[in-house]
Protein chains: 2
Amino acid sequence: MSLDHILLGLLREPASGYDLKREFDAGPRHFWSAELSQIYPTLNRLEKKGLLRSSVEPSAQGPRRRVYRRTKTGLQELLRWLRAGPVMGTQRFAYVAQLAFLHEAHDSSLTLDFMQQLRKELSHFLSFLQRGEDLYAAAAQDPAALSDIEFHDYLCLRMGVTSISARIAWCDECIERIRGRRRRRKRSEVAK
Amino acid sequence: MSLDHILLGLLREPASGYDLKREFDAGPRHFWSAELSQIYPTLNRLEKKGLLRSSVEPSAQGPRRRVYRRTKTGLQELLRWLRAGPVMGTQRFAYVAQLAFLHEAHDSSLTLDFMQQLRKELSHFLSFLQRGEDLYAAAAQDPAALSDIEFHDYLCLRMGVTSISARIAWCDECIERIRGRRRRRKRSEVAK
DNA sequence: ATGACCATGTAATCCGTTACATGATTCG
DNA sequence: CGAATCATGTAACGGATTACATGGTCAT
């Protein structure tokens, strides 16, 4: 039930479902995502549970919006979740499973292509994260220059950058190993 | 629908649902997992679709087992999935979301404790992966010494090791930054 | 007026976890 | 004989995605 708590967390400022969706797409993309069709019913449920309160407000641009605010109970529930320690959810990387089975194709160029395409996709995502990181350039020098909120955001962004960078390095390592393996195979064939 | 393909991939040798569950727990733990209650119905469905074929066989130890084999169609479907290129599923890291919201607690020691506990859990998992890596010690020298299957398995294991290592380094970086921020905050308070 | 974007929702379906239910075999 | 392990499933629930449905406002 993490989405409940993530919405509670994002609602440090009053926001509509639509706003929250945009926040998901802007920031936490490297660690969470949600669709509007999941957000709206969840907000509704949280309001029924008394963790949120909503009011309809006119919009500056567009139709009327339902704006949600966290209640005192909502904040308490968020803090309870945070104090319970890190939630280690299950990881799922379909592309690693694919790599594990690529031997079935008996074609090392397919594995090579696969890793090169993966590297490209990861690099693309890394660029996106690094554009965000540039805004915090000062933080690398003096972490005390940031507000509490910015500081925590920055740490999360660093997680994205270090973890995608490591994955790209892994791609490079794989590509090198695949090439090395090929060369040695060819050599030992010639030796015969 | 990745589980379908992962089961097809794991079934390079005939196996029962119970066998496959043990394989999940032994190997792919760092990139996939599944429960028996999900595996059994999925195998059933794949058989109905003609991608698998099963037969009941006596067990060496215990009651009779239903052993599944991949059909030609099953292998073709697996290869189709592999050739389609890397599947970039959505990532979900609840603990990063937690970190993003920890500022609400207004207590830097809570953030510090959180990161230290996270580091501990990740280290534990890294040890598990490294025990697996030791079996492939030779591969680091000569990748051509491994069979195709072992080579691909090894690359997947390396993904786990590099990616968890990077995450641990990130924890250390965070811990350092939190401490540095504290010191600077205290200093500027004294300066007043 | 029409297309882009703002805004909110429901329905169908699928994926995944937890709990429940059953029973065979083996080892101490 | 009792506990551990082998072995196969079903049921209930919850989480997440895709598709569908509706309509307002604004700029061109």
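1. Let's start at the DNA. In this predicted model, 23 residues sit around DNA strand C, and the ones that come nearest are Ser59(A), Arg66(A), Met1(B), Ser37(B) and Gln38(B). Notice the chain letters as you read that list: chain A and chain B both appear in it.

2. What part of strand C does the protein meet? Look at the strand C atoms within 4 Å of the protein: 67% of them belong to sugar or phosphate, and the rest belong to bases. Three residues of chain A give you something to click on. Arg66(A) has a polar backbone atom 2.6 Å from a phosphate oxygen of DNA strand C. Tyr18(A) uses its side chain instead, with an N or O atom 3.0 Å from a phosphate oxygen of that strand. Arg92(A) also has a polar side-chain atom facing a phosphate oxygen of DNA strand C, at 3.4 Å.

3. Where along the chains does this surface come from? The elements giving two or more residues to the surface near DNA strand C are helix H2 (17–26), H3 and strand S3 (65–70) of chain A, plus H3 of chain B. By residue type, that surface splits into 8 nonpolar, 9 polar and 6 charged.

4. Now for the other strand. DNA strand D is surrounded by 21 residues, the closest being Met1(A), Ser37(A), Tyr40(B), Ser59(B) and Arg66(B). Of the strand D atoms that come within 4 Å of the protein, sugar and phosphate account for 67%.

5. A few contacts with strand D are worth finding on screen. Gln38(A) places a polar side-chain atom 3.0 Å from a phosphate oxygen of DNA strand D. From chain B, Arg65(B) has a polar side-chain atom 3.5 Å from a phosphate oxygen of this strand. Gln61(B) works through its backbone: a polar atom there is 2.8 Å from a sugar or linking oxygen of DNA strand D. The elements that give two or more residues to this surface are helix H3 (36–48) of chain A, together with helix H2 (17–26), helix H3 (36–48) and strand S3 (65–70) of chain B. Its residues divide into 6 nonpolar, 9 polar and 6 charged.

6. Next, the two protein chains. How many residues does each chain bring to the contact? Chain A gives 75 residues and chain B gives 75 residues. About 7,300 Å² is buried between them, with carbon and sulfur atoms giving 65% of that area. On the chain B side, Phe101(B), Arg177(B) and Arg181(B) lose the most area to chain A, together 10% of what that side buries.

7. There is polar pairing here too. Between chain B and chain A you can count 10 salt bridges. Try Asp142(A) with Arg184(B), a salt bridge whose closest N and O atoms are 3.3 Å apart. The interface also has 32 residue pairs in polar contact. Among the chain B elements that give two or more residues to this side are helix H6 (108–134) and helix H7 (148–191). H7(B) gives the most, with 22 residues. Overall, the chain B side divides into 41 nonpolar, 18 polar and 16 charged residues.

8. Finally, zoom out to chain A as a whole. It has 7 helices and 3 strands, running α-β-α-α-β-β-α-α-α-α from the N terminus on. Its radius of gyration is 23 Å, while a compact globule of 192 residues would have one near 16 Å. The C-alpha trace of chain A spans about 80 × 40 × 40 Å along its principal axes.

How values were computed
Residues numbered from 1 in each chain as written. Chains lettered and ligands numbered in written order. Predicted model: local features only at pLDDT ≥ 70, side-chain atom pairs only at ≥ 80, totals over all residues. Heavy atoms only, no water. Contact = heavy atoms within 4.5 Å. Buried area = accessible area lost by both parts, 1.4 Å probe. Salt bridge = Lys/Arg side-chain N within 4 Å of Asp/Glu carboxyl O. Polar contact = N/O pair within 3.5 Å; in protein donor to acceptor, adjacent residues only side chain to side chain. Helix = DSSP H or I, 4+ residues; strand = E, 2+ residues; numbered from the N terminus. Nonpolar A, V, L, I, M, F, W, Y, C, P; charged D, E, K, R; others polar. Near = heavy atom within 4 Å. Rg over C-alpha atoms; globule rule 2.2 N^0.38 Å.
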